[in-house]
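The following questions and answers introduce one molecular structure to a reader who has not met it before. Please look at the sequence and the model first.

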Amino acid sequence: MAKAFPTGNPFLRGYYAPVNTEADAAHLHITGEMPKELCGTLYRNGPNPQFACRGPYHWFGGDGMIHAFHIENGNVSYKNRWVRTPKWKLENWEGEGLSGSFGHPKYTDPRVMALNSTLANTNIVWHAGRLLALEEAHAPFSLDPASLMPVGPDDGYETYGKKLCGPFTAHPKVDPATGEMVFFGYSAKGRASREISIQVCDAGGAITRAEILQGPYASMIHDFAVTKNWIVVPVFPLTASLDRVMAGKPYFAWEPDKGTHIAFIPRNGTVADVKWVTAPASYVFHPMNHYETADGQVVIDVMKYDVAPLFPRPDGSPTSEHEAQARLFRWTFDLSAKTNTFKEEQLDDRPGEFPRFDERFCMSDYRHGWIVSGNVVDAGRDARHDTHHGGLTHYDLKTGKSANWTAGPRDRFGEPIFVPRSDSAAEGDGWLLSVQYVADEGRSDLCVFEATDIARGPIATAHLSARVPAGFHGNWRPGPL
């Protein structure tokens, strides 16, 4: 029998609370004027547990739910569906949660353990004619772009899974020049293993490279960077340990004494040619963009935390009194230098997350970037778990100027997605799409901005009567369904 969700977890209430319905809406009410040239679908992914899990719940451990906003001829439709993974299907059949967060062996039913199922709850990308729901511990899960239902009897496993030499990151990088997709996977030799898979598939989806890199220790590596000549994998000291979890302590924990180790692997070489750069302990969930300068230096713009958020120390104690916040930094590496150092420059002092840019300029020098920005709020709330992402910021990285749009005092924005006005439009010429949670009304809107003029506010807003819960990532698929 389905049990009520616990009331004490901040990631199961308010903006984060799961929704228990799947919905279809053919014509959302719109204020402003939706651009007629805007044609395609915004897909968003995030954790939305079908049932209360066994044991303590972690936000990263909820079942994936896709929220799709299709825009065409000025009309906006909406559809949401759980990703029907093997885990979701078994629990749906049984009518209750059967697993702990991160598959904790103390709480997880052996039937779920045997499935080794993805949660498919972190990102959703369109590549080689496939819509792929992703998390970072399993193979991609293929979905139909219109119905959001699984594709094929193997749900995409035949396409990628049997050919993988490790898990598939939630943040693959697509080279705009070749269409090839570069990806990696941590814990490639089993849970809490130090090995990292390095892989590439071509524009048609066929895997063309598969190697294993030996990491310095087992770590949660959420994202990475790719430039014209390098695959850059950062190993931060957010460590994984099976011995620790079996002793009743955290599976992932912050161990800053281990330091940061950044691997530079040649795109036209092998893992045997890796160059390592060491750095002080920090954590980065997401870079913005990454490229090489004319003289061969590697530039990576990152949202950097001094301490890994959302996870404790090895003994289970919090890492700090308040939840860590990320700020925009630029890291510049000179791999020809004899010193094991790099240059770090802080580009902004405001906190934020979910950096995005014009993906046509991935791996190239660029000008425009966007983040969700805001401050910690503590008015009657648990400030350690409630970073207020109620604004959007646009950066002009060439002039150093920035602009903001801020919603209501308790409202939230999801990750901003850039959509170009046309394939040949100049960098940044297009729209910025973001889902806004309207706190006072307990529902969400899809907001459309002129991408380089967000300070004027949304030019069009499509209104939902329901809420899109706090999620992680999304992407745009152009064209009709």
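**Cavities and a three-stranded sheet**

The largest cavity of this predicted model holds about 120 Å³ of space.

Q: Which residues are closest to the centre of the largest cavity?
A: The lining of the largest cavity is made up of 14 residues. Those closest to its centre are P234, F236, I300, V302 and W331.

Q: Which element gives the most to the lining of the largest cavity?
A: Two or more lining residues come from each of β14 (230-235), β19 (283-292), β20 (298-305) and β21 (327-333). With three residues, the element that gives the most is β19.

Q: How many nonpolar residues does the lining of the largest cavity have?
A: The lining of the largest cavity has no polar residues and one charged residue. Its nonpolar residues number 13.

Q: How many cavities of 30 Å³ or more does the structure hold?
A: The largest cavity has about 120 Å³ of space, and the second largest has a volume of about 70 Å³. The number of cavities of 30 Å³ or more in the structure is four.

Q: Which element provides the largest share of the lining of the second largest cavity?
A: The residues that line the second largest cavity include R44, N45, M65, H67 and V468. Two elements, β3 (40-47) and β4 (64-72), give two or more residues to this lining. The largest share, four residues, comes from β3.

Q: How do the residues lining the second largest cavity divide by class, and how many are charged?
A: Among the lining residues are P47, G46 and P469. Five residues of this lining are nonpolar and five are polar, while the number of charged residues is one.

Q: Why is one side of β6 and one side of β8 left without a neighbour in the sheet?
A: The open sheet has three strands in the order β6-β7-β8, paired in the antiparallel sense. β6 (123-127) and β8 (141-143) stand at its edges, so one side of each is without a neighbour because each has a single partner strand.

Q: By what angle are neighbouring strands of this sheet turned against each other on average?
A: The strands concerned follow the order β6-β7-β8. With direction ignored, the average turn between neighbours is 35°.

Q: Which residue of β7 does W126 stand opposite?
A: β6 and β7 (residues 130-134) pair in the antiparallel sense over five bridges. In β7, the residue opposite W126 is L131.

Methods
Residues numbered from 1 in each chain as written. Predicted model: local features only at pLDDT ≥ 70, side-chain atom pairs only at ≥ 80, totals over all residues. Heavy atoms only, no water. Pairing = 2+ DSSP bridges. Axes fitted to C-alpha atoms, helices over the stretch in contact; angles between N-to-C directions. 1 Å grid on protein atoms, 1.4 Å probe; cavity = no way out; pocket = protein on both sides within 12 Å on 5 of 7 lines; lining within 4 Å. Points joined across faces, edges and corners; volume = space filled by probe spheres on them. Nonpolar A, V, L, I, M, F, W, Y, C, P; charged D, E, K, R; others polar.
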